[in-house]
Each structure stands twice: as C-alpha cells, then as structure tokens.
Amino acid sequence: MDTELVIAAQRGDEEAFATLVVAHGGRLQGVAHRILRDFDLAEDATQQALLRIWKSLPTLRDPARFEAWSYQLLVRACHSEARRMRHWSPDLLLLDTDASADDPLADIADRDQLERAFRTLSVDHRAVVVLHHYLDLPLVEVAAALGIRVGTAGSRLHYAMRALHAALDAAERPAFQEATR
Amino acid sequence: MMRMDHDRTRAVRAWLAAGSDGLSPRVRDNVLHEFPLTSQDRPYWAAPWLQTSSFAVGAAAGAAAVTLAVAMLGAGLFGGIRPGGAGATPTSTPDAPSPTVAPSATPNTLDRSYRDVGFIGLPPPGATPSDPTHTELIEVFWRPVPPYKGAAFLYADGRLIWNEYFGEANSRSTGWLEQSLTDEGMELVRALATEAQFKGQRLRILSPEELPGLLPARAWVDQAVRPYVPSGYAACLFVTEEENPFTESDMTPEEMVAALPRAAADLLGDRPPVVDSSNSYGADSACLELDVADARRLDRALRAAGYEQDGWRNRYLLQDYAELDRPQAGTWWLEVWFEPILPDGTITCSSCG
C-alpha cells in the first residue's frame, strides 16, 4: 500500500506525505472516533497522530508496515486524548446511527447498552475491538499494529467482547425493556 | 430468548460500522499546515539517502506540496492557515529565559514565533511574576476551531492572557501568554467576541493571533506577547487507573496527600484549595495553593523521591507507589500537576491543549 509514497515521505517529501494524509487520514479518524466515542477528541487524536507519523516516519524500518505502524501511533494518541477527556469532562456524543429494517441493531436498547458497555472498557481493549471488528484486521495484525503479543490481543478481545455480549443480553432482559419504555 | 454468539458479534460489528468516517477539514488543514514546520526524527541506522534533512529537500518539495495541495483540494483548503512566519522551525525552550515576541513585519497578524515564548509548569529561574498578581476576570473566550484553537481570559487591568492548543511549550499548548490592552481595546475585543460566536452562542470566540489586524494601534498598551508568569501555583493531586483513565477514584484529598513522599506531603499539609474554573480535574481531585517558592520545593521533593516530570511538563506521575494499593480493582497512579494560578485566583488545565 503506497510503499513508494511512504519511502518518499520518509525522505522528507512533503508532497508524498500530503497525499498520504488525504488518502489515509479518514480511516485513522474513523478508528479514533470509534475508540474515543467523542468527535472532538477523535479529531485531536488524529491530528496528533498524523503529525507524529510525519515526525517519526524516518524511524519506520519497513515501509510496507506503514499502515499497522500508523494505527499504533493513533492508539497512543487516543490514550493521550482519553487522559484529556478525563480532565476536560466533555459532553460525550453518541455516534450517529441509521438503523434500518435489516440492521441487527434496530433495537435502540442494544445501541444504548453497547455504548455504555464500551465506555467502561480501557483504551487498549477498545482498540483491539475496533481494529478487529471495524477494520477487519486479523488478530495477528492487530497484535502487530499495537505492539503486543497475539495472546494478549486475543485475551483483550475475549474480555471486551464478553462485556459487549453481556450488554446485549442485558438489553434483552424484560426488566431493562420495561424500564426503557 | 438469548441471541447466539455470532448474532451478538454481528450486532457489535453493525454498531461499530455506524457513524462518521473521513478526515475532518479542520484536521486536514491543520496537519497540512503544520507538518512542513516540523522536523523529522532521523535514526542513527537510517540509510544515507534517509539522512537528508527534510528541510534540505524543502525548497523543491515544498513548492511541489503547495502545488499539489492546491490542485488536489482547491483554494479553500488553506482557508484556515495562519499567515505570517510560515518558515519558522518550532523549537521547545521551556527552561530557557523567556523572550518576548514583537508584532511581525506584517502588521495584520502576529508572527508565529509567539508559539515558542511560553512555558508549561514552573517558571524559568528569576522570571518576574506578571503584575498585578490579583485582578478581576472580565470575560473568558474559547476558540475551538481553526485557525486558532485555545482559550483567552480578559482581565480588568487590560491583560489578555491566552494560550493556543498544539503549541510548542509541551507539544500540546503554548502555555499561558499575555498582552495588554487599553480600556478602548478591551471594549473592542469584547465587541468582536460578541459578534463572533460559536455553536448556538454557547462559546464566544476570539483569535488573539488575528487581533492585530482587527484592532487599531491605540487599542494596545503593549502588543508584544510575553509569557504569563504566575505568582502562585496549584498542586493538583489526581488519581487515575492505569488501564482506564475514565474511572474515578474514591481517594480523599487527605489520602492523596498522605500517599505522597513524606517531604512532599509535609509541604502540602493544610494548604487552601484553589478553584478549578473549568473543572479540568474533576470532583475526585484536590488542587492546593502554593507560592512559587513552595512550588519549587515541592518540585525538588518529588524529584528527590525519584519522580520526574513527563512530556506534559507539569505532571509528575507517581507510578508503582506502594501506598496506592486501593480497595478498587486495578493499578492506580497518583499524579501531581502544577497549574499556574491566574490573576482571578483560579486555575484550569494549562497543558492540556
């Protein structure tokens, strides 16, 4: 993926890096948005990560690993922004959703419970879920992107999904549905 | 009837798939503007062709980048770019004596070098506190959108104390800066901010960088940008869980002070609290007032106990501190943040950006 551009940007080619920013910045922001669940913080994390990517790009030994490496820097930036979130206590915004008849999330209770459960997860756990279930990265690549062992990635994914599945089960319980009517 | 695992996973995937994608114009503009001003790290192992400085490549590549950006994204892309000083190379000089920055040769804007003037954390040795030390806060402005993003505080004595996010004092913020307005200048600034409001008029916006172009010369007592040097600091104690900074702790201020290294705890006993005007640190924090001399003593006590400031430049992260085995699950860190007290006696998070 864009290896020539990455190599050129490593050499300080600003045109090449501008092209990478435009081509890949959207995906990075999408990941940040899903990890942080806050639009402003996701913007700041993406900006922080992109500038760090430029600064550190010459230290990337294998240009072919640019994408995975960029996710690693993005998750670090998300950690940093999560700390800021703790400081600034912003209004947390729910992501826009567009439920349709075929949507397995047609029940608003599901979305609400998932949102709540996801926010109880650490940034590390969120990152594994997002990279695996949003970007469809295999667990081996998730582990490589985050600089952790595959077993650790698997363990985090298991823990996080168990929490999210439990949240969906809770949304189905009559008491919850009664309470949300 | 409970769903099967694959149904629940499908629901999680659908939930993740919903929502916005794409790079915001704000982020795109800021990054395309900022990265050419940032030098790249050059590793010792880099191949010879990688050792070429990005700035040596600069002239041709820079021209090409501008051409590309304009061609790709249209003339409107750089609408948010700050004029002036585009060739400056940012450098962090938080421990050096702080210079001042005069208005640029271009009379309508400040030179970008103001971003290197400020500091985060304790002031450089010998720095004279900003005068007067106490005065009334007249107005708070927030500017959450480009080209300037930050906060500005207007005081009754005419000082405009402000910061900009993504500054160089700690790579996140410029630190607090100050300029001085006449009475007429104060009224003009308030009028300008009232005209320009943001998000349903919840936030009044102001761009100190653009003020020179909006105000007459008589609006300024002193247009030069200086670092704001406080006469006192708050030591904000704050406990956070290693894995999940969203979790609030149940540790009391007294418990947090007692958990500090002995010399630091002795310094913070019976200190009055400081108002955290933006609730930056949350209800489970304690911000305690110190004069500059005692803030330096606390700094030395923490360093003597082996705790150094980290990249925020005003935070000491007390990791693995034995006293922090909390009844709550998880690994807890005690953090100590130095916050400059503003002239109205309050603090906010100066380093957050």
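Two strands are taken as paired here if DSSP finds at least two bridges between them. In this predicted model, strands E2 (residues 150–155) and E3 (residues 159–164) of chain B go together in the antiparallel sense, with five bridges. One of the partnerships sets Leu154(B) in E2(B) against Leu160(B) in E3(B). The hairpin that the two strands form has three residues between them, and Gly158(B) takes a positive phi there, near 95°.

E2(B) is also well wrapped up: six of its six residues are buried. In general, side chains in a regular strand alternate between the two faces of the sheet. For E2(B), one side carries Gly150(B), Ala152(B) and Leu154(B), the other carries Ala151(B), Phe153(B) and Tyr155(B), and both faces are covered.

Further along chain B, strand E12 (residues 332–340) tells a similar story, with nine of its nine residues buried. Trp332(B), Leu334(B), Val336(B), Phe338(B) and Pro340(B) sit on one side, while Trp333(B), Glu335(B), Trp337(B) and Glu339(B) sit on the other, and all of these are buried. The two glutamates, Glu335(B) and Glu339(B), are thus on the side that also holds Trp333(B) and Trp337(B). E12(B) runs antiparallel to strand E11 (residues 315–318) of chain B, and four bridges join the two. Glu335(B) takes part in this pairing as the bridge partner of Leu317(B).

Now for the chains as wholes. Chain A is built from nine helices and zero strands, whereas chain B has eight helices and 13 strands. Of the 181 residues in chain A, 57% are buried; for the 353 residues of chain B the figure is 51%. Counting contacts with a separation of 6 or more, residues 24 or more positions apart supply 67% in chain A and 66% in chain B.

Helix packing comes next. Two packed helices are described by the angle between their axes and the distance between the axes. Within chain A, helix H1 (residues 3–10) packs on helix H2 (residues 14–36) at an angle of about 130°, with the axes 7 Å apart. That angle is why H1(A) counts as oblique to H2(A). The crossing of H1(A) with H2(A) is left-handed. On the H1(A) side the contact is made by Leu5(A), Val6(A), Ala8(A) and Ala9(A), and on the H2(A) side by Ala16(A), Phe17(A), Thr19(A) and Leu20(A). Sorted by class, the residues of this contact are seven nonpolar, one polar and no charged.

H2(A) also reaches across to the other chain. Its axis comes within 11 Å of that of H2(B), and the two cross at roughly 145°. This time the crossing is right-handed. Phe17(A), Ala18(A), Val21(A) and Gln29(A) from H2(A) meet Val27(B), Val31(B) and Leu32(B) from H2(B). Six nonpolar residues, one polar and no charged make up the contact between the two. Phe17(A) therefore turns up in both settings, touching H1(A) residues in one and H2(B) residues in the other. On the chain B side, eight of the 10 residues in H2(B) are buried, among them Val27(B), Val31(B) and Leu32(B), along with Arg26(B), Asp29(B) and Glu34(B).

Just past H2(B), Phe35(B) lies in the loop that leads from helix H2 (25–34) to helix H3 (54–73) of chain B. Its relative accessibility is 2%, so Phe35(B) counts as buried. Setting aside neighbours within four places in sequence, Phe35(B) is in contact with Glu14(A), Phe17(A), Ala18(A), Leu51(A) and Trp54(A).

A few backbone details round out the picture. Most residues other than glycine have a negative phi, and most peptide bonds are trans. Arg37(A) has a positive phi, near 60°, and lies in the loop between H2 and helix H3 (39–56) of chain A. With a relative accessibility of 1%, Arg37(A) counts as buried. Asp136(A) has a positive phi as well, near 65°, and is found in the loop between helix H6 (123–134) and helix H7 (139–146) of chain A. Asp136(A) is partly exposed, its relative accessible area being 47%. In chain B, the peptide bond from Asp131(B) to Pro132(B) is cis, with omega near 0°, and Pro132(B) sits in the loop between H3 and strand E1 (137–143).

Notes: Residues are numbered from 1 along each chain as its sequence is written. Chains are lettered from A and ligands numbered from 1 in the order in which they are written. This is a predicted model: local features need pLDDT of at least 70, side-chain atom pairs count only at pLDDT 80 or more; totals for chains, interfaces and linings use all residues. Side-chain values use heavy atoms; hydrogens and water are left out. Axes are lines fitted to C-alpha atoms, for helices over the stretch in contact, and angles run from 0 to 180 degrees between N-to-C directions. Angles under 35 degrees count as roughly parallel, over 145 as roughly antiparallel, 65 to 115 as roughly perpendicular and the rest as oblique. A crossing is left-handed if the near helix is turned anticlockwise from the far one by less than a right angle, and right-handed if clockwise. Contact means heavy atoms within 4.5 Å. Ala, Val, Leu, Ile, Met, Phe, Trp, Tyr, Cys and Pro count as nonpolar, Asp, Glu, Lys and Arg as charged, and the others, Gly among them, as polar. Buried means under 20% relative accessible area, exposed over 50%, partly exposed in between (1.4 Å probe, protein chains only).
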